[in-house]
Amino acid sequence: MSVGSTVPFINDFLVINGDPATTIGEPVPEGRTKVVVLEFWATWCGPCLQSIPHLSELQRKYKDVDVTIVGSTNEQDEQKIREFVKSKSMEYTVVMDKNQSLASKVFKPSGATGIPFAAVIVNNKVVFSGHPMDPQFAKTLEDNAAKASSTRKEPVALPVITQSYEELMQLRPKELRQILEDRGIRTVGCSEKGDFAKLIVETCSKTQYYKQQ
């Protein structure tokens, strides 16, 4: 597909590596920016092999924003592809285009004549179409990744414990232990209920703790 084209919704491929719910062209919620790199490759393609480390590095680089790199092959030997993906440590999504939908709706309309071939897609609009080792590919991806929505989950603030020792002693030992575990406080040496309550008063009454979602 040429730059400016809209990518249709496609989900009839087999996900070999990555999120099984991966789709291409799915509507993007208002206010979000989603970047997809769709690369066409094959196990027998020498130049494709050279781009694998590059694409893996890029997926690691953009792991905290909504950037998904998808490698699509129209080869049909599932076991062979799975073994290849594992042997080459491909750290991005890999799909088997079993019905040739990606090839017929993205690759062919782009006018591409060989692989590897990549399209950078932002909110389902093609913004780059060409070779994944082209310097313009990396620049286009970098520019748009900077606008992509964050996928990082912010830590949740846990409440400061204001109960007194006497009030904490009204809770069950399991509840006291959970308060400490949620805050990452080691309970080594605590054997009695009073030990947990005392540790909570000492550590949780004046400090704000956070928990990752």
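This is a dialogue on how to read several features of a predicted model.

Visitor: Where should I start with helix α7, and how many residues does it have?

Guide: Helix α7 covers residues 193-204 and has 12 residues. From first C-alpha to last, α7 reaches 16 Å, close to the 16 Å expected at 1.5 Å a residue.

Visitor: Which residues of α7 are buried?

Guide: The buried ones are Gly194, Phe196, Ala197, Leu199, Ile200, Thr203 and Cys204.

Visitor: What do the buried residues of α7 pack against?

Guide: They pack against two helices, α5 (165-168) and α6 (173-182).

Visitor: Take one residue of α7, cysteine 204. Is cysteine 204 buried or exposed?

Guide: Residues under 20% relative accessible area count as buried. Cysteine 204 has a relative accessible area of 0%, so it is buried.

Visitor: Which residues does cysteine 204 touch, not counting those up to four places away in sequence?

Guide: Cysteine 204 touches Val160, Ile161, Leu180, Arg183, Ile185, Leu199 and Tyr209. A separation along the chain can also be set beside one in space. Leucine 158 is 46 residues from cysteine 204 along the chain, and their C-alpha atoms are separated by 9.9 Å.

Visitor: On to charged side chains. How many salt bridges does the structure hold?

Guide: There are nine. The criterion is a side-chain nitrogen of Lys or Arg within 4 Å of a carboxyl oxygen of Asp or Glu. One of the nine joins arginine 82 to glutamate 78, with the closest N and O atoms 2.9 Å apart.

Visitor: Where do arginine 82 and glutamate 78 lie?

Guide: Both are in helix α2 (residues 78-87), four residues apart, which is about one turn of the helix. Arginine 82 has 32% relative accessibility and so counts as partly exposed. Glutamate 78, at 31%, is partly exposed too.

Visitor: Which side chain does lysine 139 meet in a salt bridge?

Guide: Lysine 139 meets aspartate 143, at 2.9 Å from N to O. This pair lies in helix α4 (residues 135-145), where four residues, or about one turn of the helix, separate the partners. Lysine 139 is partly exposed at 44% relative accessibility, and aspartate 143 is partly exposed at 37%.

Visitor: What is the N to O distance between glutamate 175 and arginine 172?

Guide: That distance is 3.7 Å, and the two side chains form a salt bridge. Glutamate 175 is partly exposed, with a relative accessible area of 31%. Arginine 172 has 53% relative accessibility and therefore counts as exposed.

Visitor: Which residues are linked in a network of salt bridges?

Guide: Arg32, Lys34 and Asp66 are linked in that way.

Visitor: Now the backbone. Which two residues does a cis peptide bond join?

Guide: The angle to read here is omega. A cis peptide bond, with omega about 5°, joins isoleucine 115 and proline 116. Proline 116 is in the loop between α3 (101-110) and β5 (117-122).

Visitor: And phi? What is its value at serine 89?

Guide: Phi of serine 89 is near 50°, a positive value in a residue other than glycine. Serine 89 sits in the loop between α2 and β4 (93-96), and is partly exposed, with a relative accessible area of 46%. Asparagine 124 is not a glycine either, and has a positive phi of about 70°. Asparagine 124 belongs to the loop between β5 and β6 (125-130). With a relative accessible area of 16%, asparagine 124 is buried.

Visitor: How is empty space found, and how much lies in the largest pocket?

Guide: A probe the size of a water molecule, rolled over the atoms, shows where empty space is left. In this model the largest pocket has about 220 Å³ of space. Its lining includes Asp19, Thr22, Glu26, Pro27, Lys34, Thr68 and Val70. By class, that lining has six nonpolar, three polar and three charged residues.

Visitor: How many cavities of 30 Å³ or more does the structure hold?

Guide: It holds one. About 40 Å³ of space lies in the largest cavity.

Visitor: Which residues line the largest cavity?

Guide: Thr23, Ile24, Gly25, Glu26, Lys34, Val36 and Asn124 line it. They comprise two nonpolar, three polar and two charged residues. Two names return from earlier turns: Lys34 from the salt-bridge network and Asn124 from the residues with positive phi.

Terms used:
Residues numbered from 1 in each chain as written. Predicted model: local features only at pLDDT ≥ 70, side-chain atom pairs only at ≥ 80, totals over all residues. Heavy atoms only, no water. Expected span 1.5 Å × (residues − 1). Buried < 20%, exposed > 50% of the residue type's maximum accessible area, 1.4 Å probe, protein only. Contact = heavy atoms within 4.5 Å. 1 Å grid on protein atoms, 1.4 Å probe; cavity = no way out; pocket = protein on both sides within 12 Å on 5 of 7 lines; lining within 4 Å. Points joined across faces, edges and corners; volume = space filled by probe spheres on them. Nonpolar A, V, L, I, M, F, W, Y, C, P; charged D, E, K, R; others polar.
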